[in-house]
Amino acid sequence: MKANVAVVGCTGLVGRTMLKVLEERNMEIDNLKLFASGRSAGQKMTFRDKEFTVEELTESAVKSSNVDYAIFSAGSDVSGKFAPIFAEIGAVAIDNSSRWRMDERVPLVVPEVNPDDAFKHNGIIANPNCSTIQAVVALKPLHDAFKIKRIVYSTYQAVSGAGRAGIDDLKSGMTGGEPHKFPHPIAYNILPHIDVFDDSGYTKEELKMVNETRKILGDNDIRITATTARVPVYYGHSESINIEFYNPVTRSAAQDVLRSAPGIILCDDPNRNIYPMPINAEGRDEVFVGRVREDRSVDNGLNIWVVADNIRKGAATNAVQIAELLSSHDRRPT
């Protein structure tokens with residue numbers, strides 16, 4: 001069924017990628033609305049060979065928009081204010097910020113993992129954190145097969161996760177420029193610091209991964225810890241994930257499960273130097289998994305290496321997939 005779609009925050013890095021993904025995929029769009037802040041209003045953007053004018057996001061503009069799905073990449077404050085307004089007019093707001101993720105009334109959805117949750121919305125659906133999305137795509141089939149007891153995350157996250165300012169810091173840092181987005185130079189460096197620290201010494205990014213994983217997998221008993229780091233890579237988050245299961249697991253059995261799972265490309269032939277790398281994931285929508293091996297330090301342990309394009313699958317593509325899922329079933333807000 002054709003849908004009326006709005007992209008909120010369309011001029012940002014993720015917003016532009018949302019438009020690109022929508023253009024590439026098969027979702028039928030009857031009408032497209034582009035919203036951004038007042039300073040971007042009036043800009044012209046091209047979508048499927050047609051020119052559109054960016055409108056300022058205001059309450060009156062939303063209420064007159066006749067939108068079915070509003071895909072947000074505009075920050076928590078904007079989502080907090082305007083997602084409910086879209087819901088009031090009968091649209092579904094699909095939000096990429098952290099504003100609604102842990103709200104118990106709002107489903108947190110990765111279509112390969114928990115698609116049924118998308119239909120439990122009250123007009124707002126949350127898009128998970130980029131590092132969580134790629135992790136749970138790999139973890140869900142393993143959880144179904146062997147039941148996860150504990151997860152240890154170690155992430156190596158690209159600078160694009162911090163937006164254009166993060167990319168600019170890496171570019172300028174390569175020639176000795178001072179950082180503006182990050183607290184230290186990112187060029188030739190690694191920062192074990194993403195988002196702000198709390199009193200426990202964890203960062204918000206680390207706690208997001210813990211809490212979002214449990215919510216998406218629907219299992220609050222899984223024990224999870226995380227360390228997240230920023231690395232000098234433009235696109236593509238990499239994750240070392242150590243998993244302890246309740247049930248016995250072997251490398252070959254885990255590979256079989258991953259090989260047949262939706263959204264995953266298994267790249268796991270280390271004897272031929274085949275393993276996932278950010279340079280190969282850039283511009284792709286799949287989650288790449290490799291370095292599958294048994295962890296012999298614990299019973300029923302496994303290590304995997306997971307890589308995905310954080311701007312596409314980790315943000316834009318996942319949000320578009322949610323809209324496609326709803327549109328294909330013609331399920332409007334409850």
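**View 1. The residue that follows helix 4 in the predicted model.** Helix 4 gives way to Lys147, a residue with a positive phi, near 60°. The helix itself covers residues 130-146.

**View 2. Span and bend of helix 4.** With 17 residues, helix 4 reaches 25 Å from its first C-alpha to its last, close to the 24 Å expected at 1.5 Å a residue. A bend of about 30° occurs at Leu139. Pro141, a proline, follows Leu139 within four residues. Of the 17 residues in helix 4, 14 are buried, so the helix is largely enclosed by the rest of the structure.

**View 3. Helix 6 and what covers it.** Helix 6 spans residues 204-217, and its 14 residues reach 20 Å between the first C-alpha and the last, close to the 20 Å expected at 1.5 Å a residue. Its buried residues include the charged-type names Glu205, Glu206, Lys208 and Glu212. Also buried are Met209, Val210, Thr213, Ile216 and Leu217. The cover over these buried residues includes helix 4, strand 9 (148-157), strand 10 and strand 11. After helix 6 comes Gly218, with a positive phi, near 70°.

**View 4. A nonpolar surface patch that includes Tyr234.** Met174, Tyr188 and Tyr234 make up this patch, and together they have about 350 Å² of accessible area. Tyr234 sits in the loop between strand 10 (223-230) and strand 11 (237-245). Its relative accessible area is 31%, so Tyr234 counts as partly exposed. Strand 10 and strand 11, on either side of this loop, are also among the elements covering the buried residues of helix 6.

Methods. Residues numbered from 1 in each chain as written. Predicted model: local features only at pLDDT ≥ 70, side-chain atom pairs only at ≥ 80, totals over all residues. Heavy atoms only, no water. Patch = residues over 30% accessible without salt bridge, like charges linked within 9 Å, V, L, I, M, F, W, Y side chains within 5 Å. Areas by Shrake-Rupley, 256 points an atom, 1.4 Å probe, with all protein chains shown as cover. Salt bridge = Lys/Arg side-chain N within 4 Å of Asp/Glu carboxyl O. Helix = DSSP H or I, 4+ residues; strand = E, 2+ residues; numbered from the N terminus. Buried < 20%, exposed > 50% of the residue type's maximum accessible area, 1.4 Å probe, protein only. Expected span 1.5 Å × (residues − 1). Contact = heavy atoms within 4.5 Å. Bend = angle between axes of the 7 residues up to and from the residue.
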